[in-house]
Amino acid sequence: GIHKEESEWNSYWARMIVRRDVPEPGMAAMVVLPIGRRHTVVFQVGAVKAYTLTVQPHKEPGKVIVAHVMFLPFSAYPTWATQHFSRLAKVEQTNFMRYLK
């Protein structure tokens, strides 16, 4: 059977926020924040850290490409940097598509 400490370690509550067409049209950005014992958002529960990621469409239906994954709070950046990350995502998408060919 599963020990109590293993079940606590392998499952947790989280708040997931998804925004479509961010940072570019066709892409999506999401943040996943674990919920602590007091039912508040925290940056880490056990080994599970809060993270943010961006995805972009794959040419094969039903699939996506995960472009960026950053663990929080260390990935916090000012809003003026969004344009830079948008250009970086385009470069990475182009390189990845070349790799797939």
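Let's start with a cut-off: a residue counts as buried under 20% relative accessible area, as exposed over 50%, and as partly exposed in between. Take D21 as a first case: its relative accessibility is 49%, so D21 counts as partly exposed. Keep in mind that what you're looking at is a predicted model.

Where does D21 sit? You'll find D21 in the loop between β1 and β2. Follow the chain on to V55, 34 residues away from D21 in sequence, and the C-alpha atoms of the two turn out to be 9.9 Å apart in space.

Now for the sheet itself. Four strands make up an open sheet, and reading across it you get β1-β2-β5-β6, with antiparallel pairing. The edges belong to β1 (14–20) and β6 (64–71); each has a single partner strand, so one side of each has no neighbour in the sheet. From one strand to the next, the twist averages 20 degrees.

Let's walk across from the β1 edge. This strand pairs with β2 (residues 28–34) in the antiparallel sense, over 7 bridges. If you want to check the register by eye, look for A14 opposite P34 in β2, and for R15 opposite L33 in β2.

How many residues of β1 are buried? The number is 0 of 7, so β1 lies largely in the open. Step over to β2 and the count reads 7 of 7 buried, so this strand is largely enclosed by the rest of the structure.

The side chains of β2 are worth a closer look. In a regular strand the side chains alternate between the two faces of the sheet. Here, A28, M30, V32 and P34 point one way from β2, while A29, V31 and L33 point the other way, and all are buried. So burial in β2 covers residues pointing both ways.

Keep going and you reach β5. It runs antiparallel to β2, and 5 bridges join the two. One spot to pick out is V32 of β2, whose bridge partner in β5 is Y51.

Y51 then leads us on to the far edge. The structure holds 1 aromatic pair. Its members are Y51 and F71, with ring centres 6.4 Å apart and planes at 65 degrees; angles over 60 count as edge-to-face, so that's the label for this pair. Which parts of the chain does the pair tie together? Y51 lies in β5 (residues 51–57) and F71 in β6, so the link joins parts that are 20 residues apart in sequence.

Is either ring hidden or open to the outside? Y51 has a relative accessible area of 22%, so Y51 is partly exposed. F71 comes in at 48% and also counts as partly exposed.

F71 has another role in the picture, as part of a nonpolar surface patch. Together with V64, V66 and V69, F71 makes a patch of about 370 Å². V69 has its place in strand β6, and with a relative accessible area of 47%, V69 is partly exposed.

Notes:
Residues numbered from 1 in each chain as written. Predicted model: local features only at pLDDT ≥ 70, side-chain atom pairs only at ≥ 80, totals over all residues. Heavy atoms only, no water. Pairing = 2+ DSSP bridges. Axes fitted to C-alpha atoms, helices over the stretch in contact; angles between N-to-C directions. Buried < 20%, exposed > 50% of the residue type's maximum accessible area, 1.4 Å probe, protein only. Patch = residues over 30% accessible without salt bridge, like charges linked within 9 Å, V, L, I, M, F, W, Y side chains within 5 Å. Areas by Shrake-Rupley, 256 points an atom, 1.4 Å probe, with all protein chains shown as cover. Salt bridge = Lys/Arg side-chain N within 4 Å of Asp/Glu carboxyl O. Phe/Tyr/Trp six-rings, centres within 6.5 Å; stacked < 30°, edge-to-face > 60°.
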